[in-house]
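Colleague: I'd like to know the reasons behind the labels people put on a model like this. Could you take me through them?

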Amino acid sequence: MLLFFGFVMAGVVLQRLVELLIAVRNARYIRSKGGYEVGASHYKYIVLLHFLFFLSLIFEVVGKGSAMVLPSWWAVSFSLFLIAQGLRYWCIRSLGKRWNTRIFILPREALIKRGPYRFIRHPNYLVVSLELLLLPLTFSAVATALTFSLLNAWLLLRIRIPLEEASVYDGHRES
């Protein structure tokens, strides 16, 4: 079980590093087109939340040691986690050079309404919410799943989504 956990964690961490590289490249593009960032002051808390999530997950799973076996539901939660990753890539592909981990506004550009954005306003935030719940549940890390799901919901619902909504409508036109 710990070998599977290590493999999954390595894959997720590698995925996040690649996403950060994409975000940096896209930020340069957006800025070159006159775009600007909003909400930079809270971004450090999002980074901290995700860093602590990974630490908590590692400590909770490894703390159970080699006696730990995968729960009976692991295949369901892990399959849903993988489906969420597909949704993540669909989001990234749909937004193209406008996808980012930060909130960037590209003035006078229409909001993107293709891909999953045709169906849901913030699909990438749904992905993050699902990940913070499903990945820990796959490895019986219930405390991590509950704690970080609640913290993420508070951060997204109370701070990030309202800020993004207000900023987006100030800087974009409707298509």
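Modeller: Sure. This is a predicted model, and the protein in it has five helices and two strands. Starting at the N terminus, the order of the elements is α-β-α-α-β-α-α.

Colleague: What makes the radius of gyration of the protein agree with a compact globule?

Modeller: Set the two values side by side. A compact globule with 175 residues would have a radius of gyration near 16 Å, and the protein has 17 Å, so the two agree. Along the principal axes, the C-alpha atoms fill a box of roughly 55 × 30 × 25 Å. As for the inside, 45% of the 175 residues count as buried.

Colleague: How do you know how far helix H3 reaches, and what is expected for its residues?

Modeller: Helix H3 covers residues 74–95, which is 22 residues. From first C-alpha to last, H3 reaches 31 Å, close to the 32 Å expected at 1.5 Å a residue. Just after H3 comes Gly96, with a positive phi of about 55 degrees.

Colleague: Which residues of H3 are buried, and what covers them?

Modeller: The buried ones include Phe78, Phe81, Leu87, Arg88 and Ile92. Helix H1 (2–32) and helix H4 (123–138) are among what covers them.

Colleague: Why is Arg88 called buried or exposed?

Modeller: Buried means under 20% relative accessible area. Arg88 has 3%, so it counts as buried.

Colleague: And what makes the pair of Arg88 and Glu19 a salt bridge?

Modeller: The cut-off is 4 Å between a side-chain nitrogen of Lys or Arg and a carboxyl oxygen of Asp or Glu. In this pair the closest N and O atoms are 3.4 Å apart, and the pair forms a salt bridge. Arg88 is in helix H3 and Glu19 in helix H1, so the pair ties together parts 69 residues apart in sequence. Both Arg88 and Glu19 are buried.

Colleague: Which residue does Glu131 meet in a salt bridge?

Modeller: Glu131 meets Arg88, at 2.3 Å from N to O. This pair links distant parts of the chain, with Glu131 in helix H4 and Arg88 in helix H3, 43 residues apart. Glu131 has 4% relative accessibility, so it counts as buried. Arg16, Glu19, Arg88 and Glu131 are linked in a network of salt bridges.

Colleague: How many salt bridges does the structure hold?

Modeller: There are seven. One of the salt bridges joins the side chains of Arg102 and Glu37, at 2.8 Å from N to O. Arg102 is in the loop between H3 and strand S2 (103–105), while Glu37 is in strand S1 (residues 36–38), 65 residues apart.

Colleague: Why do Arg102 and Glu37 count as partly exposed?

Modeller: Partly exposed lies between the 20% and 50% cut-offs. Arg102 has 32% relative accessibility, so it counts as partly exposed. Glu37 has 22%, so it counts as partly exposed too.

Colleague: One last residue: is Asn26 buried or exposed?

Modeller: Asn26 has 1% relative accessibility, so it counts as buried. Asn26 lies in helix H1. Leaving out residues up to four places away in sequence, Asn26 touches Gly96, Lys97, Trp99 and Asn100.

Colleague: What polar partners does Asn26 have, then?

Modeller: The side chains of Asn26 and Arg25 are joined by a polar contact of 3.3 Å. Also, a polar atom of the Asn26 side chain lies 2.9 Å from the backbone oxygen of Trp99.

Key. Residues are numbered from 1 along each chain as its sequence is written. This is a predicted model: local features need pLDDT of at least 70, side-chain atom pairs count only at pLDDT 80 or more; totals for chains, interfaces and linings use all residues. Side-chain values use heavy atoms; hydrogens and water are left out. Helices (H or I, at least four residues) and strands (E, at least two) are DSSP runs, numbered from the N terminus. The expected span of a helix is 1.5 Å times one less than its number of residues. Buried means under 20% relative accessible area, exposed over 50%, partly exposed in between (1.4 Å probe, protein chains only). Contact means heavy atoms within 4.5 Å. A polar contact is a pair of N or O atoms within 3.5 Å; within protein, one must be able to donate a hydrogen and the other to accept it, and residues adjacent in sequence count only if both atoms are side-chain atoms. The radius of gyration is taken over C-alpha atoms; the globule rule is 2.2 Å times the number of residues to the power 0.38.
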